[in-house]
Amino acid sequence: MATAVFHQTAGTLQSRQFINNSGVSDLGNFSVRLFPRGVKVDIRLSKRGNYGSVERKFGVIQASTSSTPVFDPVSSPSNDNTHESRKKSNEAALILIRHGESLWNEKNLFTGCVDVPLTKKGVEEAIEAGKRISNIPVDLIFTSSLIRAQMTAMLAMTQHRRRKVPIIIRNESDQARTWSQIYSEDTIKQSIPVIAAWQLNERMYGELQGLNKQETADRFGKEKVHEWRRSYDIPPPNGESLEMCAQRAVAYFKQNIEPQLLSGKNVMIAAHGNSLRSIIMYLDQLTSQEVISLELSTGIPMLYIFKEGKFIRRGSPVAPTEAGVYAYTRRLALYRQKLDEMLH
Ligand SMILES: O=C(O)[C@H](O)COP(=O)(O)O
């Protein structure tokens, strides 16, 4: 007898018993959908071939045997809800994007966890990034809790050809959640939940936050500052090392994002230089030596395909080479074709 116990984390539901330590469901796939009066969790138990659904309405979990079909004129791969496709649904796109240039990037200041907005150039970078990924399905967005990552995600989505509306899911209180309910299933289908998580924030730069990078190097020496910025396990004064940042960012990724990819959801993550470096270290299985030389530019999206439990790096989609990205999986190619048909 399988029992699902749910707890709410940053607006999503997770099934503890369905996820093993590595964040991968060992019993089967489940998907989470938002409905006017609550959240519906569809569970396919692959070991027993048993399909059912569980509905959570404002804290009450109710079991039912039927699921409400969702019609989407351009089904993203994950919305293809047939029995067969659920079996094959362990394939999804993952887009990572470092925020565009911030006001403190421009001034060359250590920023870390200080909440600083984008510059005009950063806004333009985010829009450009959105163009580069405008044909890739996005079902769910994760951002850090910092405005520069959230601005980047929102601006990028203004360019998406599917024209779904990103909506921030707040986890402030039950009342705040109730007050932000949407009462149209059609509108829900035309929206993308955005989940903000502090665990994806930039590494905490300790006593360097707000200091000028060049002046700090002049004062403490170039080598020392390079060690603070790029070593794996040496933290800046009273700050986080990359290793410490990885502990929270990768744990969040495994616990909250990987299960979504496993259920076929296409995910975009808008975050920061160091939280993304640590996630890429996990995805690409880099050593602590290799990650040292990994540098991420602002506003450049990176695409991964999650397939058969593995992450395959596909580079950064740019117009001329984009076809190659789509040819990579049949489901992405089909998505692109349907999108073209609908929009032309
Ligand atoms: O927090 C900062 O200052 C930057 O976003 C990342 O800085 P770094 O390149 O020094 O790690």
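Contact means heavy atoms within 4.5 Å. Helices (H or I, at least four residues) and strands (E, at least two) are DSSP runs, numbered from the N terminus. This is a predicted model, in which local features need pLDDT of at least 70 and side-chain atom pairs count only at pLDDT 80 or more, while totals for chains, interfaces and linings use all residues. Residues are numbered from 1 along each chain as its sequence is written, and side-chain values use heavy atoms, with hydrogens and water left out.

**View 1. The buried residues of helix α8.** Helix α8 spans residues 222-230, and its buried residues are V225, W228 and R230. Buried means under 20% relative accessible area, exposed over 50%, and partly exposed in between (1.4 Å probe, protein chains only). The three lie on the same side of α8, because they cover an arc of only 165° around the axis. That arc is taken from the directions from the helix axis to the C-beta atoms. The buried residues of α8 pack against α7 (213-220) and α10 (273-283).

**View 2. The shell around the ligand.** The ligand is surrounded by R98, L109, F110, T111, G112, E202, Y205, K213, R229, R230 and N274. A residue counts as near a molecule if one of its heavy atoms lies within 4 Å of it. This shell divides into 3 nonpolar, 3 polar and 5 charged residues. Here Ala, Val, Leu, Ile, Met, Phe, Trp, Tyr, Cys and Pro count as nonpolar, Asp, Glu, Lys and Arg as charged, and the others, Gly among them, as polar.

**View 3. Polar contacts to the ligand.** A polar contact is a pair of N or O atoms within 3.5 Å; within protein, one must be able to donate a hydrogen and the other to accept it, and residues adjacent in sequence count only if both atoms are side-chain atoms. A backbone N or O atom of T111 sits 2.8 Å from a ligand oxygen. A polar backbone atom of G112 is 2.8 Å from an oxygen atom of the ligand. The side chain of K213 places an N or O atom 3.1 Å from a ligand oxygen.

**View 4. Q209 in its loop.** Q209 belongs to the loop between β10 (191-196) and α7. It is partly exposed, with a relative accessible area of 23%. Not counting residues up to four places away in sequence, Q209 touches F110, T111, G112, C113, V114, R203 and M204. Its side chain reaches the backbone nitrogen of C113 at 2.9 Å.
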